[in-house]
Every structure is written in C-alpha cells, then in structure tokens.
Amino acid sequence: MPLRIERRPRPSRAMSWASPLIAAALTAAVAMILFALDGREPVSTLWIFLTTPLADLYGFGELLLKAAPLILIGVGLAIGFRAGVWNIGAEGQLVLGVIFGGWLALEFGGAGPWVMPAMLLAGGIGGALWAAVPALLRTRFNASEILTSLMLNYCAQLWLAYLVFGPWRDPAGFNFPQSAPLHPDALLPIVIENTRANIEIVIAVAAALVAWIFIERTHLGFQLRVTGAAPGAARYAGFPVRRAVWIGMLTGGFAAGVAGVGEIAGPLGQIFPTASAGYGYAAIIVAFLGRLHPAGIVPAGLLLALLAIAGDYAQMMLGMPSSIGGLFQGTLLFFLLAADVLTTWRIRRVEDAPLPATEAA
Amino acid sequence: MTDLTRRRLLQGAAAAGLAAGLSPLAARPVLAAGEKLKVGVIHMGAISDTGWEYFQAEAWRALQEEFPDQVEVTVLENITQIQDCERLFRQLSIQGHQLLFGTTFSQYASLRKLAPTLPKSHFECCAGIDAGPNLGVFEARHYEGTYLTGIAAGRMTKSNVLGWVGAFPVPQVIYSLNAFLLGARSVNPEATLKIVWVNDWVNPGKEKDAVATLVAQGADVISGSPNTPVQGLAAEEKGVWSIGSTGDFSAYVKQKQLVSFELDWSAAHIEAAKGVMAGTWEPTARWRGLGPDGFVKMTTASPELPASVADEMAKAEAAIVDGSFQIFSGPIRDNAGEMRVAEGETMAPEDVKGMTWLVEGVEGSLPKG
C-alpha cells in the first residue's frame with residue numbers, strides 16, 4: 001500500500017507545536033547514538049551532558065545569562081517574522097547597541113545611577129536606527145531586507161573594530177584593543193546573588209509578555225499577523241504593508257540593541273571588538289524553534305543556551321570536542337525543519353486502485 | 001627541555017620538599033599523600049600544529065611528562081568568547097582543580113576579577129599585565145630572540161633592507177622589531193627595517209601581500225611575529241630569507257628559513273605546579289628570555305648560515321644570559337633622531353614593556369590609533 005505526501009487543507013496547529021518536541025526527541029536520539037559510537041553509555045552520558053551545567057545555582061544563573069539575549073532578540077525578531085519581514089541583521093543591530101550604549105558608558109560612566117537605564121535605551125535606539133536602513137530601502141526602493149540587513153552586519157562589526165582599536169582604546173591597556181573597564185554605574189544589576197545572572201533576563205521575559213499581548217491582543221498585532229500570513233488579504237483589507245515593515249524591523253533592531261548593551265554592561269564589563277557572541281544569528285533559530293510565539297521563544301532560548309553551555313562542559317567532563325554543542329544545535333534545527341514539513345503536508349495511504357490519470361493516457 | 005634544566009628543577013623540588021619537611025608551618029602542602037594535583041588549562045583558540053596555542057599546549061604536555069603520576073591536566077580549547085571563559089574557569093575550580101592557566105591576554109581581565117574569589121585554586125595567565133591577588137602572570141622577552149635573529153639577518157642581507165610583517169602595533173611587537181634591527185645593526189650598521197602593518201594576528205591573505213610589498217621595496221630578509229608558516233612560504237616563493245620568529249617553520253619552509261626561535265613556557269607551568277604542590281605558590285610576574293628555565297629558546301638554523309655568524313649569535317646569547325649585555329642600553333635614538341636611551345643607561349623593564357617608539361633605521365611610523 002503506497003504512501004503519498006499531500007498538502008493539508010489548512011496548516012495543522014497541533015503539528016506546529018508538536019514538531020519542536022519531535023525535533024528535540026530525534027536530536028536526543030542522535031546524541032545517544034553518537035555517545036554510543038564513542039563507546040559511552042548513551043543514557044547516562046546524555047544525562048550528564050544536559051544536567052551538569054545546571055548542577056548548582058551558579059550554573060542556573062549562567063543559563064539565564066546566556067538565554068537572556070537569545071530570548072530578547074528572538075522575541076523582537078519574531079514580531080517581524082510574523083509580519084513577513086525577514087530581518088537577518090540582528091547581529092549588526094546588536095553591535096550598534098554596543099556602540100551607542102558603550103559611548104554613553106565611556107562618556108558618562110560614574111555620573112549617576114541614570115547611566116545604566118540610559119545605556120539600555122540608547123542601545124535600543126542604536127539598534128533600531130541600524131534596522132531603519134533596510135526598512136527604508138525596502139519601503140522606498142523595494143530592496144530585499146534579507147540582503148541589506150545581512151550586509152549591514154559587517155559594516156557594524158567594522159565600525160566597532162575601528163572604535164575599539166582607535167579612539168576607545170584603554171590608555172592603560174598596553175595598546176590592546178579593548179576599552180577601559182566600564183564604571184560600576186554602567187553595569188547591569190545582578191538578580192540572583194552569587195551568580196552572573198543580571199536584570200537582562202527580567203527584561204527579556206517582560207519583553208516576551210509585552211510581545212504576546214501586542215501580537216495576539218491588539219488590532220495592530222492582528223494587522224501584522226494578517227500581513228505576514230496573507231499579504232493579498234491584508235492589502236484588500238487596507239492594512240498598510242509599509243507600516244508592517246517598519247514595525248517589524250524596528251522592534252527587532254531595538255531588542256537586539258538592548259541585548260548588545262546587556263553584553264558590555266553584563267558579562268564583559270568592557271568593550272571588545274568581539275563583543276557579540278553570535279547571538280544575533282542564534283536568535284533566528286530560537287525564534288523559529290519557539291514557533292515565532294513569545295511563549296515558545298522563552299523555552300527555546302533556554303534550550304539553545306543549555307546546548308551551548310553543555311558543549312563547553314562536555315570538553316571538561318567527558319573529554320569531547322566543544323563543537324559537540326554546535327553539532328546538536330544544528331541537528332535540532334535540521335529535524336525541526338524536517339518535522340515542519342508535516343505542518344502543511346500530511347502523509348496518507350493511497351488505495352491500490354489505478355490512478356485515473358494513467359488510465360486516460 | 002635540556003638535561004641541565006631538568007636537573008635544576010629536580011633539585012629545586014628536593015629543596016622545596018626539604019623546606020616543607022623542616023618547617024611545616026611555613027609551607028602547607030595542599031595535596032594529601034597519593035592525591036594528584038589537578039591542573040586546568042583554557043585555550044582561547046584551537047591547539048593546532050604550530051603557533052601561540054601550540055606552544056601553550058607544549059607547556060602542559062611538558063608538565064605531564066615531568067610529573068606523570070602526580071599531575072592530572074584538564075584542557076579546554078576553542079573558548080573564543082570572553083563571556084564564557086569566566087564560567088569555565090570557575091567550574092574547573094569548583095571541580096577541584098588547584099592550578100588554572102589562561103593562555104592569552106584576552107582572558108586576563110576576567111581572571112583578574114575571578115582569581116580573588118576562588119581561593120581554593122591558584123591562577124596563572126600568560127601575557128597578563130601584572131600579578132594580582134591569587135593571579136600570577138608570565139610573559140616572554142621576545143626581544144632577546146629577535147635580537148639574535150637580527151644578527152643573522154644583518155649578516156645575510158645583501159640589500160641592507162630588512163622587512164617586518166607587523167601584526168598589531170602593541171609594545172610586544174614594537175620591542176621585538178626594535179631589537180631585531182638593533183641586532184642587525186650590531187653587525188651591519190647599514191641595515192634598515194621596513195614595516196608593513198597587517199592589523200591581525202592571523203590573516204594569511206594580508207600576510208602574503210605584506211611579504212610581497214616588502215620584497216618589492218628591496219627587503220631580502222623577512223621577519224615578524226607569524227603564527228603560521230604563510231610568511232615564510234611567501235618569502236621562499238620570492239626567493240628571500242625568512243626568520244622563524246616565535247615559531248620554527250622549518251618543516252614547511254624547507255629552503256629559506258634562516259634561523260628561528262620559539263616560546264617555551266614549560267618552566268612557567270612546572271614551577272607553578274611545584275609551588276602549589278609544596279604549598280609555596282605565590283602570585284608573581286615572571287618575564288623571562290633566553291637561558292635555562294627561560295621562555296625563549298633558539299631552535300633551528302639553515303645549513304647555509306655561516307659558522308662565523310652562528311658563533312656571533314652564540315656569543316651574544318651567552319652575554320645576554322649572564323647579564324653582561326643589555327639589549328636596550330644606550331645610546332639608542334628613535335627614528336626621528338631623538339636620543340631615547342643615553343650612553344651608559346639601560347631602559348627599565350617597565351619602559352620596555354610600554355615601548356611606543358621605533359629605533360633609528362626603522363622606516364615609517366606607527367599607525368595612529
């Protein structure tokens with residue numbers, strides 16, 4: 001009895017939420033096969049791999065620290081993605097947050113407790129301004145925002161390198177490319193004592209809540225969703241597509257810029273040319289793993305952060321190469337995309353009766 | 001490591017053991033009988049077959065060889081994000097590693113914060129600026145190696161133009177290239193040095209272009225601070241000499257590598273481990289060049305290097321090691337003609353570490369930051 005793949009009459013909601021779980025289960029299976037091939041006991045190794053990073057409160061704090069920028073950027077991007085706006089430039093927008101927030105910290109660090117919130121705001125504005133460039137090019141000249149936003153990542157990176165190698169270099173730093181340490185006023189407060197988890201995780205979760213209400217409960221959010229899901233219908237209903245592009249790009253840019261400040265005012269405490277840890281790209285995976293829904297993006301961000309941290313610990317505890325974490329991230333995305341096929345398609349058994357088309361021929 | 005150093009180290013270990021036995025209050029061994037010293041190393045880059053991280057790895061390998069039954073080493077590589085290194089050092093400490101090594105300057109700021117908060121472990125950072133609470137640092141006097149290779153370059157150049165592929169204009173690079181020309185001029189006062197700045201530690205494309213530019217300007221001996229054989233290979237292609245400066249690439253650059261020196265951090269690791277085992281470890285700043293237990297080792301020389309030149313290098317090396325000769329002793333003028341070190345004076349180590357001027361005979365200027 002042959003099987004056939006056919007399009008579902010409408011995308012399956014159940015399948016849409018099940019596919020990340022299927023992908024996670026298959027990734028765990030691949031991990032266990034790899035461990036077994038390496039001559040290890042698969043189940044206990046996987047257990048060690050996933051739980052060691054969380055063995056103590058500090059480890060939990062590290063997970064929150066790593067997940068915060070992923071969630072924050074993921075939520076920002078998801079609003080754009082829902083509206084059909086493909087912002088691939090979060091990495092560059094994050095770097096602009098580093099530049100704007102960093103400038104404020106170096107210029108006004110020590111001027112008072114207002115510096116830190118002002119940095120977050122400045123970073124967000126910097127990121128949004130950077131995202132405004134592809135938004136303008138798209139709405140004015142219909143240039144693909146995928147390409148323009150991606151290319152601006154490299155420009156942002158070079159701009160930051162110029163600043164840190166040049167005017168911002170620490171005079172006491174033996175000419176090494178790094179700024180002077182930021183003033184304590186310019187650092188984010190720690191939310192769990194004796195860990196490095198700072199207020200950014202609170203901001204990220206709050207952003208997820210706000211985004212949820214905005215997307216699901218407001219008229220503007222509804223317009224964005226319709227624009228993304230059915231552009232023709234949106235135009236027919238008179239929803240301005242340009243406005244969707246602007247809102248989508250600017251929210252993504254703002255969130256990424258805030259996350260950039262979170263790095264220099266958080267775990268780094270200094271501005272380095274490599275201030276970004278690739279969160280702008282990883283957050284794209286987080287957004288899709290979380291089904292472009294704030295409630296999904298929070299656990300997705302935690303999962304990706306866990307895999308990244310676990311990869312480093314695998315080197316330490318299991319003597320495996322650190323790239324194992326990246327490998328599992330890639331495997332997860334691969335299975336997610338594969339399982340997503342079943343959201344819009346389904347597999348059906350076909351009766352043995354000859355097909356009418358062949359008969360006619 | 002030569003037999004001489006090994007013997008010295010064993011003697012040192014015996015002395016330390018004796019001291020511990022005689023005055024149990026002065027030293028407090030941290031290891032119980034039969035317990036192993038757990039050492040952790042975090043490499044920022046990948047340990048490859050040559051270059052900076054490779055020499056770092058050679059050091060803990062030497063440590064394992066020195067104490068096969070007493071030391072256990074945990075190694076992490078490719079921890080490129082500074083955000084991650086603090087967590088991993090802390091984790092290694094919690095797991096009971098009593099001695100932890102960072103391999104690059106980039107980790108120094110994190111370690112400076114972290115070391116005082118983890119008193120059960122002791123920390124050492126290569127290329128760190130200065131020792132701090134519970135944090136020792138060690139760095140090589142690269143310039144002693146470049147001075148000796150400069151002697152060879154000064155003797156072998158026909159055009160009297162030497163070339164330097166500059167990574168970054170940091171003091172470590174500036175004092176290296178200055179000493180290179182001082183070495184060359186000690187045997188050939190006509191020698192000059194041209195620099196091309198690449199602004200990268202590893203960038204094969206730009207390094208290759210830099211070598212071509214230098215050769216086009218008449219340079220016939222090329223040096224720099226290469227992490228890969230690419231500069232040497234590019235020089236060989238152009239038919240000019242190259243120097244294996246902080247890396248012996250003779251396995252790749254088969255014809256035209258003139259002389260080479262390497263960085264050997266074995267003594268840094270072994271001494272720190274011994275100190276921790278004996279309970280006598282103190283955070284210190286170790287800045288060493290040539291000589292026994294030093295961090296700079298002369299390695300191979302081309303068979304085409306005349307014996308007379310090798311002899312000159314050996315004499316200079318002996319004088320540097322026994323302290324009868326100081327490289328940065330006057331008179332030294334900078335390349336704008338200003339007297340920087342007067343006759344009879346010697347630069348203080350802090351001034352060498354912060355050097356931001358080029359010696360007379362270097363053509364060009366430092367890129368403005």
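Let's start with a pair of charged side chains in chain B: B:Glu363 and B:Lys194 make a salt bridge, and their closest N and O atoms are 2.6 Å apart. Because B:Glu363 sits in strand β15 (residues 362–363) of chain B and B:Lys194 in strand β7 (residues 192–197) of chain B, the pair ties together parts that are 169 residues apart in sequence. The two partners are not equally covered. B:Glu363 is partly exposed, with a relative accessible area of 37%, whereas B:Lys194 is buried, with a relative accessible area of 16%. Keep in mind, here and in what follows, that this is a predicted model.

The idea behind such pairs is simple: side chains of opposite charge can pair when their charged atoms come close. Over all chains, the structure holds 24 salt bridges. Another one to look up joins B:Glu271 and B:Arg288, whose closest N and O atoms are 2.9 Å apart. Here B:Glu271 belongs to helix α9 (residues 266–278) of chain B and B:Arg288 to strand β11 (residues 285–288) of chain B, so this pair ties together parts that are 17 residues apart in sequence. B:Glu271 is partly exposed, at 21% relative accessibility, and B:Arg288 is partly exposed too, at 23%.

Now let's go to a place where the two chains meet. B:Arg87 forms a salt bridge with A:Asp312, with 3.7 Å between the closest N and O atoms. This pair crosses between chains, running from helix α3 of chain B, home of B:Arg87, to helix α12 (residues 294–318) of chain A, home of A:Asp312. Are these two charged residues buried or exposed? B:Arg87 is buried, with a relative accessible area of 1%, and A:Asp312 is buried as well, at 9%. They also have company: A:Glu62, A:Lys66, A:Arg196, A:Asp312, B:Asp84, B:Glu86, B:Arg87 and B:Lys113 are linked in a network of salt bridges.

Stay in chain B and find B:Arg90, which is found in helix α3 (residues 82–94). Which side chain of opposite charge is nearest to B:Arg90? That would be A:Asp56, 4.4 Å away. A salt bridge calls for a side-chain nitrogen within 4 Å of a carboxyl oxygen, so a gap like that doesn't qualify. B:Arg90 is thus buried yet has no salt bridge. Leaving aside residues up to four places away in sequence, B:Arg90 touches A:Asp56 and A:Tyr58 from chain A, plus B:Leu114 and B:Leu118 from chain B.

Next, have a look at how two helices pack in chain A. Two packed helices are described by the angle between their axes and the distance between the axes. For helix α3 (residues 57–82) of chain A and helix α11 (residues 279–289) of chain A, the angle is about 65 degrees and the axes are 8 Å apart. The crossing of α3(A) past α11(A) is right-handed. On the α3(A) side, the residues in contact are A:Lys66, A:Pro69, A:Leu70, A:Ile73, A:Gly74, A:Leu77 and A:Phe81. On the α11(A) side, they are A:Tyr279, A:Gly280, A:Ala282, A:Ala283, A:Ile284, A:Val286, A:Ala287 and A:Phe288. Sorted by class, this contact has 12 nonpolar, two polar and one charged residues. A:Lys66 is worth a second glance, as this residue is also part of the salt-bridge network.

The backbone has a few surprises too. Most residues other than glycine have a negative phi, and most peptide bonds are trans. A:Leu292, though not a glycine, has a positive phi near 55 degrees. A:Leu292 is found in the loop between α11 and α12 of chain A and is buried, with a relative accessible area of 13%. In chain B, B:Asn78 has a positive phi of about 65 degrees. B:Asn78 is in the loop between β2 (71–76) and α3 of chain B and counts as partly exposed, at 38% relative accessibility. As for the peptide bonds, the one from B:Gly330 to B:Pro331 is cis, with omega near 0 degrees. B:Pro331 lies in the loop between α10 (307–321) and β13 (332–333) of chain B.

One last stop is B:Ala115, in the loop between α4 (108–114) and β4 (122–126) of chain B. B:Ala115 is buried, at 0% relative accessibility. B:Ala115 and B:Leu135 are 20 residues apart in sequence, and their C-alpha atoms are 6.0 Å apart. Beyond residues up to four places away in sequence, B:Ala115 touches B:Phe123, B:Pro133, B:Asn134 and B:Leu135.

Key:
Residues numbered from 1 in each chain as written. Chains lettered and ligands numbered in written order. Predicted model: local features only at pLDDT ≥ 70, side-chain atom pairs only at ≥ 80, totals over all residues. Heavy atoms only, no water. Axes fitted to C-alpha atoms, helices over the stretch in contact; angles between N-to-C directions. Helix = DSSP H or I, 4+ residues; strand = E, 2+ residues; numbered from the N terminus. Left-handed = near helix turned anticlockwise from the far one by under 90°. Contact = heavy atoms within 4.5 Å. Nonpolar A, V, L, I, M, F, W, Y, C, P; charged D, E, K, R; others polar. Buried < 20%, exposed > 50% of the residue type's maximum accessible area, 1.4 Å probe, protein only. Lys, Arg positive; Asp, Glu negative; His and termini not counted.
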